[in-house]
Amino acid sequence: MAKWLLVDGYNMAFRAFYGMPELTRADGFPTGAMHGWIKTLWHLKDREKPDGGMLVFFDLGGSQDRLLLHPEYKAQRKETPEALEKQMPLIKQLTRSMGLVGVELDGVESDDLVAAQARMLAAAGHDVLIVSADKDFAQCVDERIKILLPPPTANPKLGWRVLDIAGVLDKFGVAPVRIAEYLALIGDVSDNIPGVKGVGAKTATKWFAEHQTLEGIIGAAAQSQLKPERFREAVVAQAENLRRNLKLTTLRTESPLTHVAPGEPNTVEIFALLESLEMRSSLEDARKRYTGQTELF
């Protein structure tokens with residue numbers, strides 16, 4: 001069996017954009033995210049040596065099923081910075097030319113595609129690393145699926161870290177199988193999902209320890225067994241919202257796509273793209289990496 005890396009494309013592209021200075025081509029076209037992107041992908045490939053393959057997943061459109069449930073889903077998110085928006089087509093082009101594939105499907109969130117692909121690979125006996133800082137993926141973690149967390153912006157010295165089952169329990173206070181329910185209860189600001197007002201991580205983990213599941217918590221509130229008492233009425237009143245939230249926070253278990261196979265690098269396209277963007281140091285690195293040559297022609 002093999003090792004696979006599944007990369008959360010937009011999550012890592014934003015990190016590449018904000019982690020690099022505002023570099024530009026001579027004509028002013030932004031290239032900072034491109035510089036960070038190619039270095040990140042090379043670093044991941046060298047570090048993890050995925051012998052199965054490395055796939056990158058991008059969002060192509062909104063999650064239609066979640067928007068039907070909650071029209072305000074992710075409505076508060078800011079627009080992608082213009083400089084990054086300009087670079088995204090080239091990031092996708094570069095990714096595909098590197099043979100890493102670029103998986104996207106209109107109307108389906110990349111998170112769902114990643115989660116479903118990870119579970120498909122794990123079921124076939126492969127080991128999977130999901131590369132992302134998105135907490136939603138904690139629900140996917142099991143004996144074969146782990147998360148590779150990038151260095152936190154506030155403390156980059158921590159470096160890349162692997163989050164396994166024990167790591168999820170330590171970080172969130174609940175097991176991976178309860179992450180979606182946990183997020184449904186406390187809410188998720190980044191996705192504009194409202195939880196029960198006043199209920200934070202500490203209270204939520206206590207409730208899950210005592211009542212096991214979200215339905216157990218709702219039932220305890222209805223039977224006047226939930227503590228602190230001040231939350232009972234709110235939990236009962238918001239029971240249907242919490243069940244809706246769970247549908248929003250739960251990632252797909254089955255993929256709308258078949259198994260995605262990795263491709264092969266197209267060195268001609270890689271070199272031409274890097275040269276057109278005046279990314280000279282990356283072009284030199286690419287020539288050395290893919291052909292052993294260092295000369296710039």
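The exchange below covers salt bridges, accessibility and the largest pocket in a predicted model.

Biologist: What are the ground rules for this model?
Modeller: The model is predicted, so local features need pLDDT of at least 70, side-chain atom pairs count only at pLDDT 80 or more, and totals for chains, interfaces and linings use all residues. Residues are numbered from 1 along each chain as its sequence is written, and side-chain values use heavy atoms, with hydrogens and water left out.

Biologist: What makes K3 and E48 a salt bridge?
Modeller: The definition asks for a side-chain nitrogen of Lys or Arg within 4 Å of a carboxyl oxygen of Asp or Glu. In K3 and E48 the closest N and O atoms are 2.6 Å apart. The pair therefore qualifies. K3 sits in strand β1 (residues 3–8) and E48 in helix α2, 45 residues apart, so the pair links distant parts of the chain. Strands (E, at least two residues) and helices (H or I, at least four) are DSSP runs, numbered from the N terminus.

Biologist: Why is E48 called buried, and K3 partly exposed?
Modeller: Buried means under 20% relative accessible area, exposed over 50%, and partly exposed in between (1.4 Å probe, protein chains only). E48 has 11%, so E48 is buried. K3 has 24%, so K3 is partly exposed.

Biologist: How do you know that R47 pairs with E48?
Modeller: Their side chains meet N to O at 2.5 Å. That value meets the salt-bridge definition. R47 is partly exposed, at 36% relative accessibility.

Biologist: Why are E82 and K86 about one helical turn apart?
Modeller: They are four residues apart in helix α4 (residues 82–97). Their side chains form a salt bridge, 3.8 Å from N to O. E82 is exposed at 59%. K86 is partly exposed at 42%. Elsewhere, salt bridges that share partners join K3, R47 and E48 into one network. The structure holds 13 salt bridges.

Biologist: What makes the largest pocket a pocket?
Modeller: On a 1 Å grid over the protein atoms alone, a pocket is an open set of points with protein on both sides within 12 Å along at least five of seven lines. About 1400 Å³ of space lies in the largest pocket.

Biologist: Which residues line the largest pocket?
Modeller: The lining has 44 residues, and Y10, N11, M12, F14 and R77 lie nearest the centre. Lining residues have an atom within 4 Å of a point. Helix α1 gives the most, with eight residues.

Terms used. 1 Å grid on protein atoms, 1.4 Å probe; cavity = no way out; pocket = protein on both sides within 12 Å on 5 of 7 lines; lining within 4 Å. Points joined across faces, edges and corners; volume = space filled by probe spheres on them.
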